Amino acid sequence: MIARRLGPLVPPIVFGAAVLALWEAVVRIGGVPQVILPAPTAIMARFFSSLPTLWVDLVQTMKGVLAGYTIGSAAGLGVAILIDRSQFLQRGLLPIGNFVSALPIVGIAPIMVMWFGFDWPSKAAVVVVMTFFPMLVNTVAGLESAGAMERDLMNTYAADYWQTLLSLRLPAALPFIFNALKINTTLAMIGAIVAEFFGTPIVGMGFRISTEVGHLSIDMVWATIVVAALTGSLFYALVAGVERRVTFWHASYRAKEA
Amino acid sequence: MKSALPIATVVLAILAVWYVAAALLNAPLQRDQFANAGRTDYSTQDLIAGSLNMERPKLPAPHQIVSELYKLVFATAPTSKRSLVYHGWITLQETLIGFIAGGALGVALAVMIVSVGWLERSMMPWIVASQTIPIIALAPMIVVILSQFNITGIAPKAAIAAYLCFFPITVGMVKGFRSPDPLHLDLMRTYSATRAQTFLKLRAPASAPFFFASMKVGAAAALVGAIVAEVTKSEDGGIGARLLAGSYYGQTVQIWAALFVGAAMSAVLVGLIGFAGQAVERRMGFLR
């Protein structure tokens, strides 16, 4: 039973371990200088020896990430529900939303730094703009996804707009909303880190990466990237876990049980 | 065409809100300027007119951005270091080289993953996991590593653009190569088609819509990669370098102009791929 459940995990773990071993071997045997590519063991050593710095950076960056993620996603959801009753607004806003999602939004970082200062609120502002549109577009699509039969049923119950929204259409939209929440975890991390390239108090993961690159201490950069990767994956896994709990009824999860 | 009116309305509304916001955000600055100049007799009209035409506003008004764009795109010689055509061309080259290299790599990787079983089982989880990682954080480091090998100028930024765009393309193409109906795959088997034949005649054509969808995502990602890479090595120029220079010297109008050029480039790239995709898909019978 346990063996069967862990079975699919074996190939990727073996592959990952092989890549790390190869990396270590190339660096050691090939004598690659530290400033180009540090060995995985060197990165781990640096990681554990600078835990306090990495932790302070993480806390600083996550303030911007979490504040922006929450505000941006909530605003996207709210606006989607507001424009839900107006076909006109939907037809006007959706193409613009899709258009904006393709733009290099991280470019607004310098403007936000000017408006909200060097500390985390400016990073949160960038994250708000980056996460707003994916949420808007996905929620509007999700609200459309309830079946005609179910809507007719709500009609025969004489349910009003809000009752239909709360007990049928919002639950039906949940898979779409969670899709946006998952996309937004990555976008939020990217937005906050890149915004820190444009100016920050002397703390934060983006600041650490850009200054340590300047000092050519590449092992510290890699250690910061390990932190970013772990945090990004955990953040994603957390949202995916909540999704599994909340949308247990959805076909994509039911199929796996059978 | 049904949505032209709604879109125009929303765009106009955005412009109106923008003007109001610009007036409100800049008014305190303008008031200070009047006070410094010793003027006390200004009317509300003067204040609004002044705050919409400041040299370094908090939020430039749309007409200021348009005139700055005109100045830097058309009225400046394209060879000048102030011209946005000059910087836009640098960014465009990086983006296109990176996009082509990254796209080829992404498709090749997807072909390998689909045709070699153990590669999929061992690599796919990592590729999916890598989507959750802010890879863009690697950009400054890649620039430094490549400069150790004396690779400078356009190449390092193109490398970052390629790096950012190949993941979404690989994931999309693997999905596309797996998209044929099981019935069609069975049909190929009854024809006793080889794996290569199944791939060329069924999997590859079936992946066309996925190809164009992931190319759109990839092109947008490549542009973001190029711009962020330019921020980390700003002496070489490019849209990202203009953004950084603008933020150093408080030239807000210049930042917004550079931002609009970046946005236009992204829109044109994604739009072109979209058009090509529509044409090909119609020809292949995906759209009716």
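# Notebook: a two-chain helical model

**Helix α6 of chain A.** I started with helix α6 (residues 109–116) of chain A, which is mostly covered, with six of its eight residues buried. Worth keeping in mind from here on: this is a predicted model. I listed the buried ones in α6(A): A:Ala109, A:Pro110, A:Ile111, A:Met112, A:Val113 and A:Met114. What covers them? I found that the cover over the buried residues of α6(A) includes α7 (120–143) and α9 (161–197) of chain A, together with α11 and α12 of chain B. So both chains turn up in that cover, according to my list of α6(A) neighbours. I also checked what comes after the helix: α6(A) is followed by A:Gly117, which has a positive phi, near 85°.

**Confidence.** I then noted the scores. The predictor gives the complex an ipTM of 0.76 and a pTM of 0.82. For chain B the average pLDDT is 83, and 98% of the residues score at least 70.

**Chain A as a whole.** I counted elements next and got 12 helices and zero strands in chain A. Along the principal axes, the C-alpha atoms of chain A fill a box of roughly 75 × 55 × 30 Å. Of the 258 residues of chain A, I have 41% down as buried. I looked at contacts in chain A with a separation of 6 or more, and 78% of them are between residues 24 or more positions apart.

**The A–B interface.** How many residues of chain B are in contact with chain A? I get 44 residues of chain B in contact with 45 residues of chain A. On the chain B side, the elements giving two or more residues are α1 (4–36), α5 (117–130), α6, α10, α11 (239–249) and α12 (252–284). The largest share of that side, eight residues, comes from α12(B). By class, the chain B side that touches chain A divides into 30 nonpolar, 12 polar and two charged residues. I flagged α11 and α12 of chain B again here, as both are also in the cover over α6(A).

**α6 and α10 of chain B.** Two of the interface helices also pack on each other, and I went to them next. The axes of helix α6 (residues 139–148) of chain B and helix α10 (residues 208–232) of chain B come within 9 Å and cross at roughly 65°. That crossing angle makes α6(B) roughly perpendicular to α10(B). α6(B) passes α10(B) in a right-handed crossing. On the α6(B) side the contact is made by B:Ala139, B:Pro140 and B:Val143, and on the α10(B) side by B:Gly225, B:Val228, B:Ala229 and B:Thr232. I sorted the residues of this contact into five nonpolar, two polar and no charged.

**α10 and α11 of chain A.** I did the same for a helix pair in chain A. Helix α10 (residues 205–214) and helix α11 (residues 218–246) of chain A have axes that come within 9 Å and cross at roughly 160°. That makes α10(A) roughly antiparallel to α11(A). The crossing of α10(A) past α11(A) is left-handed. From α10(A) the contact uses A:Met205, A:Arg208, A:Ile209, A:Glu212 and A:Val213, and from α11(A) it uses A:Met220, A:Val221, A:Thr224, A:Val227 and A:Ala228. By class I have seven nonpolar, one polar and two charged residues in the contact of α10(A) with α11(A).

**Positive phi outside glycine.** I pulled out two of these. A:Ala158 has a positive phi of about 60° although it is not a glycine. A:Ala158 is in the loop between α8 (148–156) and α9 of chain A. Is A:Ala158 buried or exposed? I count 7 C-beta neighbours inside 10 Å, so A:Ala158 is exposed. In chain B, the phi of B:Ser192 is near 50°, again positive in a residue other than glycine. B:Ser192 is in the loop between α8 (182–190) and α9 (195–206) of chain B. B:Ser192 counts as exposed because it has 7 C-beta neighbours inside 10 Å.

**A last look at A:Leu22.** A:Leu22 is in helix α2 (residues 10–30) of chain A. This leucine, A:Leu22, is exposed, with 10 other C-beta atoms within 10 Å. I also checked A:Leu22 against A:Ala39: they are 17 residues apart in sequence and 10.0 Å apart in space, C-alpha to C-alpha.

Key
Residues are numbered from 1 along each chain as its sequence is written. Chains are lettered from A and ligands numbered from 1 in the order in which they are written. This is a predicted model: local features need pLDDT of at least 70, side-chain atom pairs count only at pLDDT 80 or more; totals for chains, interfaces and linings use all residues. Axes are lines fitted to C-alpha atoms, for helices over the stretch in contact, and angles run from 0 to 180 degrees between N-to-C directions. Helices (H or I, at least four residues) and strands (E, at least two) are DSSP runs, numbered from the N terminus. Angles under 35 degrees count as roughly parallel, over 145 as roughly antiparallel, 65 to 115 as roughly perpendicular and the rest as oblique. A crossing is left-handed if the near helix is turned anticlockwise from the far one by less than a right angle, and right-handed if clockwise. Two residues are in contact if their C-beta atoms, placed from the backbone, lie within 7 Å. Ala, Val, Leu, Ile, Met, Phe, Trp, Tyr, Cys and Pro count as nonpolar, Asp, Glu, Lys and Arg as charged, and the others, Gly among them, as polar. A residue is buried if 20 or more other C-beta atoms lie within 10 Å of its own, exposed if 12 or fewer, and partly exposed in between; C-beta atoms are placed from the backbone. pLDDT is the predictor's confidence in each residue, from 0 to 100.
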